[in-house]
Amino acid sequence: MPNRPADYLRVVNAITEQIDSGELAPGDKLPTYAQLAEQYKVSVSTAQAALRILRDRGLVEGQQGKGTFVADRATKSSSG
C-alpha cells in the first residue's frame, strides 16, 4: 500500500490540479490560510507551507494585504 502524501503536498497537488484544469484562472483569489486549513483538514502552518511552494513554482503570487492570487503563467516562460 503506497504511503499517503504529506499534507502540504496534498494541498499543493489539489491547487495545482485546479489551476491546470482551469477551475482556478489567472487572477483568481485563493482562500485564506485559515480557509485552506479548514477545507483540506490541515493546520494553518501546513496551508502556509503549501502556498509557499506554489509561490516558488510560480503558480500563485502573494499581494501584501490583499491575499494570494493565481499567477498569469502565459507571461512566464515554462522550462519543464
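Leu54 is a good place to start: setting aside neighbours within four places in sequence, Leu54 is in contact with Val12, Ile15, Thr16, Leu59 and Val60. Leu54 also belongs to the largest nonpolar core, where Leu54, Ile15, Ile19 and Leu30 touch the most other members of a set of 17 residues. Helices H1, H2 and H3 each supply at least two residues of this core. Please keep in mind that this is a predicted model.

**The chain as a whole**

- The protein chain holds three helices and two strands, and from the N terminus on the elements run α-α-α-β-β.
- Of its 80 residues, 31% count as buried.
- The accessible surface of the chain comes to about 5,400 Å², and 48% of that belongs to carbon and sulfur atoms.
- Taking contacts between residues at least 6 apart in sequence, 51% join residues at least 24 apart.
- As background to the core, nonpolar side chains in soluble globular proteins tend to be buried together.

**Helix H1**

- The 15 residues of H1 should span 21 Å at 1.5 Å a residue, and the end C-alpha atoms of H1 are indeed 21 Å apart, which agrees.
- Val11, Val12, Ile15, Thr16, Gln18 and Ile19 are the buried residues of H1.
- These buried residues cover an arc of only 160° around the axis, so they sit on the same side of H1.
- The cover over the buried residues of H1 includes H2, H3, E1 and E2.
- On the face turned away from the buried side, H1 carries the exposed residues Glu17, Asp20 and Ser21.
- Gly22 follows H1 and has a positive phi, near 90°.

**Helix H2**

- In H2, which covers residues 33–40, the buried residues are Leu36, Ala37 and Tyr40.
- Looking down the axis of H2, you will find its buried residues within an arc of 100°, so they line one face of the helix.
- The buried residues of H2 pack against helix H1 (7–21) and helix H3 (44–56).
- Lys41, just after H2, takes a positive phi of about 55°.

**The strand pair**

- Strand E1 (residues 60–63) and strand E2 (residues 67–70) run antiparallel and are joined by four bridges.
- Gln63 stands opposite Gly67 in E2.
- The two strands, E1 and E2, form a hairpin with three residues between them, and Gly65 in the turn has a positive phi of about 80°.

**Thr68, a buried residue of E2**

- Thr68 has its place in strand E2.
- With a relative accessible area of 10%, Thr68 falls under the 20% cut-off and is therefore buried.
- Leaving aside neighbours within four places in sequence, Thr68 is in contact with Asp28, Lys29, Leu30, Leu51, Arg55, Val60, Glu61 and Gly62.
- Among those partners is Leu30, one of the core residues that touch the most other members.

**Pro26, in the loop between H1 and H2**

- Pro26 lies in the loop between H1 and H2.
- With a relative accessible area of 53%, Pro26 is over the 50% cut-off and so counts as exposed.
- Outside its neighbours within four places in sequence, Pro26 is in contact with Val70, Ala71 and Asp72.
- Pro26 and Phe69 are 43 residues apart along the chain, yet their C-alpha atoms are separated by 7.4 Å.

Notes:
Residues numbered from 1 in each chain as written. Predicted model: local features only at pLDDT ≥ 70, side-chain atom pairs only at ≥ 80, totals over all residues. Heavy atoms only, no water. Buried < 20%, exposed > 50% of the residue type's maximum accessible area, 1.4 Å probe, protein only. Arc of directions from axis to C-beta. Contact = heavy atoms within 4.5 Å. Core = buried A, V, L, I, M, F, W, Y, C linked by side-chain atoms within 4.5 Å. Pairing = 2+ DSSP bridges. Areas by Shrake-Rupley, 256 points an atom, 1.4 Å probe, with all protein chains shown as cover. Expected span 1.5 Å × (residues − 1).
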